[in-house]
Amino acid sequence: MALQSKCPTGPIEQRWDKHRFNLKLVNPANKRKYEVIVVGSGLAGGAAAATLGELGYKVQCFCYQDSPRRAHSIAAQGGINAAKNYQNDGDSVYRLFYDTVVGVDYRARESNVYRLAQVSLNIIDQCAAQGVPFAREYGGLLDNRSFGGAQVSRTFYARGQTGQQLLLGAYSALERQVAAGSVTMHSRHEMLELIVVDGRARGIVTRDLKDGRIETHLADAVILATGGYGNVFFLSTNAMGCNVTATWRAHKKGAFFANPCFTQIHPTCIPVKGDYQSKLTLMSESLRNDGRVWVPKDAADRDKKPGEIPESARDYYLERRYPAFGNLVPRDVASRAAKVVCDEGRGVGPGGLGVYLDFRDSIQRLGQDKIAERYGNLFEMYHHITDEDPYKVPMRIYPAVHYTMGGLWVDYNLMSNVPGLFVLGEANFSDHGANRLGASALMQGLADGYFVIPYTVGDYLASVKPISVAKDVTKDHADVKAARKAVETRLKSLLEVNGKRTADSFHRELGKIIWDECGMARSEKGLRGALERIPALREEFWSNVRVPGSGEAMNPELEKAGRVADFLELGELMCRDALDRNESCGGHFREESATDEGEAKRDDEKYCYVAAWEHQGVDKAPTLHKEALEFEYVKLSQRSYK
Amino acid sequence: MKFKLNVWRQDNAKTAGRFESYSIDGITSDQSFLEMLDVLNEKLVGDGKEPVAFDHDCREGICGMCSLVVNGRPHGPQEHATTCQLHMRKFTDGEEITIEPWRAGAFPVIRDLVVDRGSFDRIIQAGGYISVRTGAAPDANAIPVAKEIADRAMDAAACIGCGACVAACPNASAMLFTAAKVRHLNLLPQGAPERDLRVMKMVEQMDAEGFGACTNHLECEAACPKGISADFIGELNRDLATAILRSREASKNASAGG
Amino acid sequence: MTTRALSLTNTTIGKKMVMAVSGFVLFGFVIGHMLGNLQIFMGPDAINGYSHMLHSTPALLWGARVVLLAAIVAHVTTAVSLVRMNRAARPVAYAVKKDVATDYAAKTMFLSGITIALYIAYHLAHLTLGFTKGLHYQPSLDANGLPNVYQNVVSSFKVPWCTAIYVVAQGALSLHLYHGAWSLFQSLGLNHSRYNDALRSSAVAVAMAVCVGFVSVPLAVLFGVVK
């Protein structure tokens with residue numbers, strides 16, 4: 001099957017306009033006859049549900065949290081990019097496009113990235129109008145900062161809670177539609193199966209997490225905006241409930257999973273402390289604007305107190321290796337460099353898995369008050385968690401899994417290869433290639449939800465007859481009943497194993513395998529080993545997991561076990577994808593593909609494609625489909641931050 | 001460290017709850033409170049018992065999901081922190097810890113320590129938004145907002161909707177939540193056109209949900225993990241009074257005009 | 001959103017405003033009453049003359065009584081309705097609850113309110129309606145032929161338990177006034193973060209002043225300062 005990206009052609013700045021003009025429209029009077037399901041209520045899902053409701057579609061929106069306002073978009077700290085050029089520093093849509101294509105290491109489509117840069121302008125307008133309290137200058141106009149090494153100040157922010165404020169904006173728009181009756185919200189519901197009838201996505205099967213009730217919901221289109229799968233690593237900066245279940249179920253029903261090995265390891269997280277640890281905490285990347293990263297030059301010094309290590313014995317390795325960008329190199333580069341020094345035995349803190357992020361010089365230069373004004377809440381958070389005062393001793397940081405660039409394959413319309421199934425935000429693979437840049441995730445989630453899907457879903461719906469009119473699919477349809485039955489059987493089998501190990505213990509073990517072999521550095525040997533260990537672990541899971549309680553009540557252990565079961569399948573696909581891609585690009589570093597200096601080496605001859613995997617069965621090898629990536633505007637070249 | 005835990009267990013909203021006691025050992029002071037509960041649950045599952053259900057998600061103090069009353073204080077003894085940000089170093093070895101759910105009629109218990117906070121969503125549905133159609137917004141810099149106003153709106157908008165204010169209030173009142181939500185939008189010029197209807201509808205819904213009245217104990221402010229000021233409650237009161245006066249005026253003018 | 005008339009007093013916030021406004025009226029009365037009482041230290045003529053002035057100006061006396069009665073009715077009925085709502089809002093109580101911000105005065109508003117209500121009944125029976133005259137005092141006229149309020153007061157407060165009732169009641173009143181005085185600004189939305197601390201301190205000062213002003217009279221009598 002050849003993948004059709006449906007990207008428009010012609011001059012890049014006209015492609016989206018031209019494409020929008022060519023999209024079919026649904027007659028306003030007919031919109032209410034169409035039902036659309038949106039799974040997930042974060043920036044992408046919340047924005048999509050609100051906007052589609054506003055357009056007149058009948059929308060059902062689902063989330064596993066107790067309120068749509070709690071989706072994990074809320075945790076994003078830093079900011080959101082937009083090519084507004086309010087600072088008059090030379091920004092433009094083209095520059096944002098260009099920076100992004102290069103930053104994602106040429107593994108995303110030019111057309112998609114350009115559209116993202118274009119609609120970034122509308123996003124800021126929309127959010128400001130919704131009442132998002134962005135930071136302002138004294139003149140009352142919006143403030144910007146430079147973020148993640150960008151050469152222009154294009155990042156809009158609301159203190160250290162930008163994600164929260166943007167999500168509350170989308171949430172308020174969503175609740176407005178709930179009040180208007182156009183959106184029905186189903187909180188504490190988890191999607192457990194995609195319903196496909198005659199090759200088209202026609203609904204979902206959910207479990208009500210409050211009482212365990214299994215429900216079938218039919219619709220004319222299904223939109224998945226269920227976030228990323230970083231929790232496959234067990235420890236990540238994701239929320240505890242983040243999972244791959246919705247997209248994985250869709251994958252098993254035929255949707256291709258693209259670039260699953262592209263995961264982002266964020267360089268500035270608080271290091272792991274002990275075996276009991278349940279999650280990792282991110283410290284905003286903005287800290288690298290004023291903090292200097294170092295480790296002792298000599299491994300023998302690593303247990304000394306940082307204050308006892310003289311300047312001459314410190315290795316400011318990012319400044320040394322990348323003099324042009326210094327501490328502000330992109331996330332993937334900074335993370336890998338930290339791993340290198342820790343692998344050399346120079347890491348600090350318990351287990352030697354940490355590097356210093358030191359504010360001593362900035363405090364001397366700017367004064368403690370200035371630093372407190374910029375980062376006060378982050379310093380306080382660090383102090384709470386570690387019981388160490390970062391004004392007095394340098395912070396210790398270590399990379400942690402933060403975001404997944406891979407996801408379900410979608411075309412330019414954000415539709416997967418299963419007609420009627422759309423995928424938005426982090427759940428799809430589309431715009432971040434092999435490395436997401438800072439302040440870009442919020443931008444993509446809102447772009448997809450507010451400004452792309454409202455047009456493209458209409459194009460699809462205009463070509464199909466609504467269920468409410470055609471009555472061709474009912475809850476008694478054989479395929480619908482089979483989907484429901486599959487869910488019930490699966491839950492029953494999880495409850496019946498009655499083994500000895502908890503779901504968490506399997507999850508931890510899986511996470512360790514993936515982190516070691518498919519984390520910051522991957523090698524053929526390691527990946528092959530993982531591909532043997534993961535199926536064995538999966539087999540043990542299904543014969544030895546213990547899930548207490550029943551399916552007919554709130555049962556968090558059952559929820560967890562179901563998610564771990566899916567991670568155990570996804571993990572294998574990630575390793576397979578990483579093995580296939582014998583090049584280093586973005587967050588994917590293959591030890592076999594490095595320069596003499598140990599920098600990542602991309603191989604555009606062989607791997608300038610999107611790897612889209614087709615499921616063939618749990619213990620069968622998936623089929624790889626390749627979508628070639630072409631670069632007409634940005635010349636392919638090695639990234640360099642030297 | 002070891003602890004004796006008295007944990008509220010309740011099968012569902014219809015049955016009565018009870019306390020159960022558990023002893024737990026081998027906890028380190030760096031562990032978070034919820035990680036301590038994870039250990040308890042692993043142990044319960046291992047013993048073939050049902051684990052304690054509690055709400056939690058981001059575990060970094062921003063999603064507002066976690067909701068435990070620890071030794072009589074919502075989110076526990078640490079100031080300006082959520083339960084997930086609480087660490088065991090705040091407790092002494094051997095201490096007895098009582099863990100209860102948020103208790104309010106408007107927050108019915110779903111199971112154990114999990115409560116239903118849908119009433120907060122319904123307060124937002126009543127008017128906690130600015131009616132702006134997607135795509136209809138003017139340029140973001142078209143409406144300047146004084147920095148002081150934007151900062152103050154942000155102070156209110158920092159609310160994470162956890163409900164600790166309700167849990168802490170002797171009257172189970174939702175005034176701090178509602179005040180923060182109303183004031184965030186009413187402070188901004190973008191929110192001005194709807195400010196009167198917004199405050200009236202949201203207060204009306206708040207009352208309909210069965211929350212108590214504010215009697216100015218200020219427990220809400222002390223329990224709020226985001227330090228939201230009770231001054232917003234006074235401002236909410238003022239907004240409501242002026243809104244009702246203005247709406248009377250408007251309806252009088254409307255009827256006079258025929 | 002659709003427009004529909006919302007009646008302020010139907011809302012919890014409106015009820016609190018009723019509490020604040022009626023409380024403010026009663027507060028004013030309390031201050032006036034206290035200043036009137038302090039005239040006892042100026043001798044019998046002053047206070048008896050003041051009493052006579054009030055009684056010979058029925059418009060003033062009854063006007064004030066009607067306003068006070070309305071304020072009391074509003075204050076008490078609203079309080080009862082709020083207390084019922086507040087109790088219903090938490091059907092299952094906490095096993096352990098630690099309060100960290102509130103104070104004794106705030107927590108005992110209902111209790112101090114009831115104490116004050118009972119005291120008012122006794123006080124009216126005692127000195128206004130004279131139901132207890134046989135008990136504490138024999139009504140008489142002073143040298144000017146006016147009702148001898150001064151004498152009534154002095155002979156009553158020579159009885160220690162009568163003084164005790166008044167002193168306890170003034171304690172409850174001052175606690176009630178302290179919380180009410182700053183809280184009414186919050187309820188009416190007249191607060192501002194810049195003045196909150198000053199408001200709190202003023203509330204303490206005013207409540208103390210009222211307490212001292214009122215109890216000074218019975219204590220002065222009991223200890224023979226006023227004879």
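This is a short tour of three places in a predicted model.

**Stop 1: a helix pair in chain A**

Start by selecting residues 503-518 of chain A, which form helix α15, together with residues 556-580, which form helix α17. Their axes sit 9 Å apart and make an angle of about 20°. Angles under 35 degrees count as roughly parallel, so α15(A) is roughly parallel to α17(A). Turn on side chains to see who does the touching: on α15(A), the contact includes A:Phe506, A:Leu510 and A:Ile514, while α17(A) brings in, among them, A:Val564, A:Phe567, A:Leu568 and A:Met574. Colour the contact by class and you'll get 12 nonpolar, 2 polar and 3 charged residues. As for handedness, α15(A) passes α17(A) in a left-handed crossing.

**Stop 2: a strand pair in chain A**

Now jump to residues 35-39 of chain A, strand β1, where 4 of the 5 residues are buried. Add residues 58-62, strand β2 of chain A: it runs parallel to β1(A), and 5 bridges join the two. Pick A:Val36 and look across to β2(A), where A:Val59 stands opposite.

**Stop 3: a glycine in chain B**

Next, pick B:Gly161, in the loop between α3 (147-157) and α4 (164-168) of chain B. Is this glycine buried or exposed? B:Gly161 has a relative accessible area of 2%, so it counts as buried. Beyond its neighbours within four places in sequence, B:Gly161 is in contact with B:Gly64, B:Phe120 and B:Phe177, and also with A:Arg69 and A:Arg70 from chain A. To finish, draw a distance from its C-alpha to that of B:Cys224: the two residues are 63 apart along the chain, and the atoms are separated by 9.8 Å.

How values were computed. Residues numbered from 1 in each chain as written. Chains lettered and ligands numbered in written order. Predicted model: local features only at pLDDT ≥ 70, side-chain atom pairs only at ≥ 80, totals over all residues. Heavy atoms only, no water. Axes fitted to C-alpha atoms, helices over the stretch in contact; angles between N-to-C directions. Parallel < 35°, antiparallel > 145°, perpendicular 65-115°, else oblique. Left-handed = near helix turned anticlockwise from the far one by under 90°. Contact = heavy atoms within 4.5 Å. Nonpolar A, V, L, I, M, F, W, Y, C, P; charged D, E, K, R; others polar. Buried < 20%, exposed > 50% of the residue type's maximum accessible area, 1.4 Å probe, protein only. Pairing = 2+ DSSP bridges.
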